[in-house]
Amino acid sequence: MARRILVSGASGLIGTELRTALAARGDQVIRLVRRPPSSADEIRWDPTAGHIDLDGVEPLDAVVNLSGAPVARRWTSRYKRELLTSRTSTTRTLVRHLDRLGDQVPLINASAVGIYGSDRGEEELTEASAPGHTFLAEVVKAWELEACAAQTNGRRVTLARTGLVLSAEGGALGPLLPLARLGLGGPIGSGRQWWPWISMEDEVRALLHLIDTGVHGPVNLVAPGSARQGDIAMALARALGRPAFVPAPATALRLALGELADDILGSQLIRPGVLEQTGFVWRHARVEDAVRQVASPWHDLTVRA
């Protein structure tokens, strides 16, 4: 049966793919937009003012909140405030209006594995692990706290703690693909740090899984096949037919990215316990398979070059 899903952040990297997947299976997507609506499937909202025009939007089967400023850029003091407020203000606004939609409409709220901190070494992390104390961890904790305020009268709230999404359009591999094509995609730092990755296809399929099932609470959206950063770099190089011997020194990375570099150089060995327990099946359980798919269009460019 077709469902009606309200989505914020529907024009972002993940939101665009999720919207396509929902429509492909026959669901109706209602998009939250900050400009005047241009079609019947759009609703205007102003998170800063705390307003959503929800008149006539019922009935809904789920709300998916993917709003938030991109993490992968240099964190100035001003941008750090935006990273926080772009998540907390949007989530707070959604939560305040959820009661108008009924207690049975679940909230699937974006979150991030950054909640565990930037460097946990070889420690295995699950949904029950303690959060970290880095800037990004504090942002995610505040974000999840706003979402959990919707847990009134039995409403289901699911926190989708997404890892590094592998996509040809951007995500974790976005800055690495052009370098790898030139043979400069070697290890970052030591290359020994664990990277909690997931393919874009599985990210979207996992979100659909969270919409369709009764899963609630935190859920790690990562692949079961753990990989170190150097292994990902080598897999990408092999897929492109390029060498991967030129490392990116940690000092140069810190100069270029500032505080964000600590999260890139840190290690997170994260297990997707809840997804495994609830029967989710990955299309890309091995990093080699995911990287091969991501690199395919870039490989064609490399061959022609």
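In which sense do β8 and β13 pair, and over how many bridges? Let me take that question as the way into this structure, which is a predicted model. The two strands pair in the parallel sense, and 5 bridges link them.

They belong to an open sheet of 8 strands with mixed pairing, in the order β4-β3-β2-β1-β5-β6-β8-β13. At the edges of this sheet are β4, residues 51–52, and β13, residues 217–221, each of which pairs on one side only. Although β13 is an edge strand, β13 is mostly covered, with 4 of its 5 residues buried.

Moving inward from β13, we come to β8 and β6. Strand β6, residues 107–112, runs parallel to strand β8, residues 157–162, and 6 bridges join the two. One residue of β8 allows us to follow the register across these strands. L159 stands opposite P218 in β13, and N109 stands opposite L159 in β8.

I turn now to the helices, beginning with α5. Helix α5, residues 200–212, lies across β1, β5, β6, β8 and β13. With respect to β13, helix α5 runs at about 155°.

Two packed helices are described by the angle between their axes and the distance between the axes. For α1, residues 13–24, and α5, the angle is about 60° and the axes are 10 Å apart. The crossing of α1 past α5 is right-handed. On the α1 side, the contact is made by L13, I14, E17, L18, A21 and L22. On the α5 side, the residues are M200, E203, V204, L207, L208 and I211. Sorted by class, this contact has 10 nonpolar residues, 2 charged residues and no polar ones.

The next helix is α3, residues 135–148. Its 14 residues reach 20 Å from the first C-alpha to the last, close to the 20 Å expected at 1.5 Å a residue. Which residues of α3 are buried? They are L136, A137, V139, V140, W143, E144, E146 and A147. What covers them includes the strands β5, β6 and β8, together with the helices α2, residues 77–98, and α8, residues 260–265.

A residue of α2 shows part of this arrangement in detail. T91 is found in helix α2. Is T91 buried or exposed? T91 counts as buried because its relative accessible area is 1%, and the cut-off for buried is under 20%. Leaving aside neighbours within four places in sequence, T91 is in contact with W143, E146 and A147, as well as with N65 and N109. The first three of these are among the buried residues of α3, and N109 is the residue that stands opposite L159 in β8.

After α3 the chain enters a loop that leads to β8, and Q151 has its place there. Q151 is partly exposed, with a relative accessible area of 43%. The C-alpha atoms of Q151 and D103 are separated by 9.0 Å, while the two residues are 48 residues apart along the chain.

Finally, I come to helix α7, residues 250–257, in which L253 is found. L253 is buried, with a relative accessible area of 14%. Not counting residues up to four places away in sequence, L253 touches I188, G258, A261, I264 and L265. For I188, the separation from L253 is 65 residues along the chain, and their C-alpha atoms are 8.3 Å apart.

Note on methods. Residues numbered from 1 in each chain as written. Predicted model: local features only at pLDDT ≥ 70, side-chain atom pairs only at ≥ 80, totals over all residues. Heavy atoms only, no water. Pairing = 2+ DSSP bridges. Contact = heavy atoms within 4.5 Å. Axes fitted to C-alpha atoms, helices over the stretch in contact; angles between N-to-C directions. Left-handed = near helix turned anticlockwise from the far one by under 90°. Nonpolar A, V, L, I, M, F, W, Y, C, P; charged D, E, K, R; others polar. Expected span 1.5 Å × (residues − 1). Buried < 20%, exposed > 50% of the residue type's maximum accessible area, 1.4 Å probe, protein only.
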